Structure formats: C-alpha cells, structure tokens
Amino acid sequence: MRLPSALPRPGALLLGTFLALALGSWWLRQGVEEQAERRPNPPHTPDFWVERLSARTMDAAGRPRRIVKADSMRHFPDDDSTELTRPQIDFLGPRQPPWQIRAQTGWVAPDGKLVLLQGAVTLDRAAASGVLPVHLETRELRVQPKDEYAETEQPVRVVSGPHQVQSRGLQAWLKEPVRIKLLADVRGHYEVSP
C-alpha cells in the first residue's frame with residue numbers, strides 16, 4: 001500500500017515538531033527574561049536582628065579569646081552581610097591586658113573574616129606591669145578578627161602614656177608579639193625622663 005503524497009513523511013513531521021517546540025521555548029524564555037528585567041531587585045532589608053548582642057569566641061582550651069558586643073545587629077539575606085550599631089570587639093590575650101575596639105557602626109563580610117568599622121573608632125589597651133596604656137583614634141578601621149589584625153589608611157592619633165604620635169595610615173598586629181606600623185606622615189611628641 002502506498003501512502004498518498006499529500007501526507008508528510010514521519011521524519012519531516014518529527015522535524016517540524018522539534019522546530020515548533022524550539023520556537024515556543026525561545027518565545028517563552030524571552031517573555032520570562034523581560035518580566036525579570038522589569039521586576040525590582042529584592043530590597044536590602046534584614047531577615048533577622050538582635051538587640052544587645054554579646055558573642056564569645058573560645059580558644060582550643062575553652063578560654064575566651066574574642067568578645068563581640070553591639071547595641072544591635074542586623075543580617076541582610078540579599079548579600080549575606082551583617083551590620084552592627086555601636087560595635088565593640090575585645091581581643092583577650094593570655095599575658096597582656098585585652099585590646100578593645102569601639103566604633104559607631106560596623107559591617108561584617110558574609111564569611112566573617114573582615115569587619116569594617118566606621119565613625120569615631122577607638123582602639124584601647126590598659127596599662128599593666130611593664131606595659132604602657134595605648135589609646136588610638138581614627139575614623140575607619142578594617143579588622144580581620146581571626147588574625148587579630150587591624151589596618152586603616154585614614155589619619156590616626158596614638159597616645160601611649162605621655163607620648164603622642166600622629167600618622168596617615170596604620171597596621172596593627174594585636175596578638176603577641178604586638179606590632180604597630182605607622183604608614184605615612186608620622187609626627188610625634190615624646191617625653192623623656194630626666
């Protein structure tokens with residue numbers, strides 16, 4: 001039996017079906033992409049917040065190593081960042097007085113490895129036997145909490161006992177052995193005992 005010539009062959013029918021599906025998929029995709037372009041980005045709004053935050057990080061022996069406090073903490077799911085209001089970070093050493101950093105605001109990277117502090121930022125360490133007190137003031141400080149490291153490119157004022165130093169930029173390694181490196185335009189006033 002012969003098929004009438006007006007009927008399409010099975011291969012042509014299959015090819016036509018695939019072409020129709022491809023065109024339909026392309027048309028649907030264009031519509032979805034246009035709707036996505038018209039849709040506004042998700043708002044930068046917190047998904048949770050904490051008032052009067054106090055968190056501790058312990059060392060391998062179970063001793064407190066770092067304490068983070070803030071008046072408030074807000075987490076943002078759109079970029080997984082965290083914002084802090086009036087943050088305070090304390091680095092607790094085994095043999096020295098703790099270093100205490102305070103600021104007006106703070107931003108914590110999604111992985112927690114970087115904290116940006118802004119506003120009136122201070123870094124303090126109390127006096128101890130053989131150790132002068134240290135007070136540092138700046139407007140911005142980048143802190144790597146796990147490494148106990150802080151840096152800024154902003155003007156800095158450091159007061160230690162009767163001595164004062166001003167600089168543009170600073171690097172500070174806060175765990176022992178403590179090192180502070182002043183980067184540029186350093187001017188100081190040192191009192192010498194007679």
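How much space lies in the largest pocket? About 350 Å³, and there is more on that pocket further down. This is a predicted model, so local features need pLDDT of at least 70 and side-chain atom pairs count only at pLDDT 80 or more, while totals for chains, interfaces and linings use all residues. Residues are numbered from 1 along each chain as its sequence is written, and side-chain values use heavy atoms, with hydrogens and water left out.

**The overall layout**

- The protein chain has one helix and eleven strands; helices (H or I, at least four residues) and strands (E, at least two) are DSSP runs, numbered from the N terminus.
- Walk along the sequence and you meet the pattern α-β-β-β-β-β-β-β-β-β-β-β.
- The protein chain has 194 residues, and 27% of them count as buried. Here buried means under 20% relative accessible area, exposed means over 50%, and partly exposed is in between (1.4 Å probe, protein chains only).
- About 13400 Å² of the protein chain is exposed, with carbon and sulfur atoms supplying 56% of that area. Accessible areas come from the Shrake-Rupley method with a 1.4 Å probe, and for residues only the protein chains shown count as cover.
- Take the contacts (heavy atoms within 4.5 Å) between residues at least 6 apart in sequence: 35% of them join residues at least 24 apart.

**The nonpolar core**

- A nonpolar core is a set of buried Ala, Val, Leu, Ile, Met, Phe, Trp, Tyr and Cys residues joined through side-chain atoms within 4.5 Å.
- The largest one has 24 residues, and those touching the most other members are Phe-91, Ile-101, Leu-117, Leu-141, Val-143 and Leu-174. Two or more residues of this core come from each of β2, β4, β5 (99-102), β7 (115-125), β8 (134-144), β9 (149-160) and β10 (163-173).
- In soluble globular proteins, nonpolar side chains tend to be buried together.
- Zoom in on Ile-101: setting aside neighbours within four places in sequence, its contacts include Pro-87, Ile-89, Phe-91, Leu-117, Leu-141 and Leu-174.

**The salt bridges**

- The structure holds nine salt bridges, each one a side-chain nitrogen of Lys or Arg within 4 Å of a carboxyl oxygen of Asp or Glu.
- One of them pairs the side chains of Asp-71 and Arg-86, at 3.0 Å from N to O. This pair links distant parts of the chain, 15 residues apart: Asp-71 sits in strand β2 (residues 64-76), and Arg-86 in the loop between β3 (81-85) and β4 (88-91).
- Asp-71 is partly exposed at 38% relative accessibility, whereas Arg-86 is exposed at 55%.
- Another salt bridge joins the side chains of Glu-83 and Arg-74, at 2.8 Å from N to O. Glu-83 is partly exposed, with a relative accessible area of 24%, and Arg-74 is partly exposed too, with 34%.
- Arg-142 forms a salt bridge with Glu-140, their closest N and O atoms being 3.9 Å apart. Glu-140 counts as partly exposed, at 26% relative accessibility.
- Glu-140 and Arg-142 also belong to a network of salt bridges that links them with Glu-151 and Glu-153.

**The largest pocket**

- On a 1 Å grid over the protein atoms alone, a pocket is an open set of points where a 1.4 Å probe fits, with protein on both sides within 12 Å along at least five of seven lines; lining residues have an atom within 4 Å of a point. Grid points are joined across faces, edges and corners, and the volume is the space filled by probe spheres set on the points.
- There are 19 residues in the lining, and Val-68, Val-108, Gly-112, Val-115 and Pro-145 lie nearest the pocket's centre. The elements giving two or more residues to this lining are β1 (48-58), β2 and β3.
- β1 gives the most, with five residues.

**Odd spots in the backbone**

- Most residues other than glycine have a negative phi, and most peptide bonds are trans.
- Asp-80 is not a glycine, yet has a positive phi of about 60°. You'll find Asp-80 in the loop between β2 and β3, partly exposed at 38% relative accessibility.
- Glu-148 also has a positive phi, near 55°. Glu-148 lies in the loop between β8 and β9 and is buried, with a relative accessible area of 5%.
- The peptide bond from Glu-176 to Pro-177 is cis, with omega near 0°. Pro-177 is in the loop between β10 and β11 (179-189).
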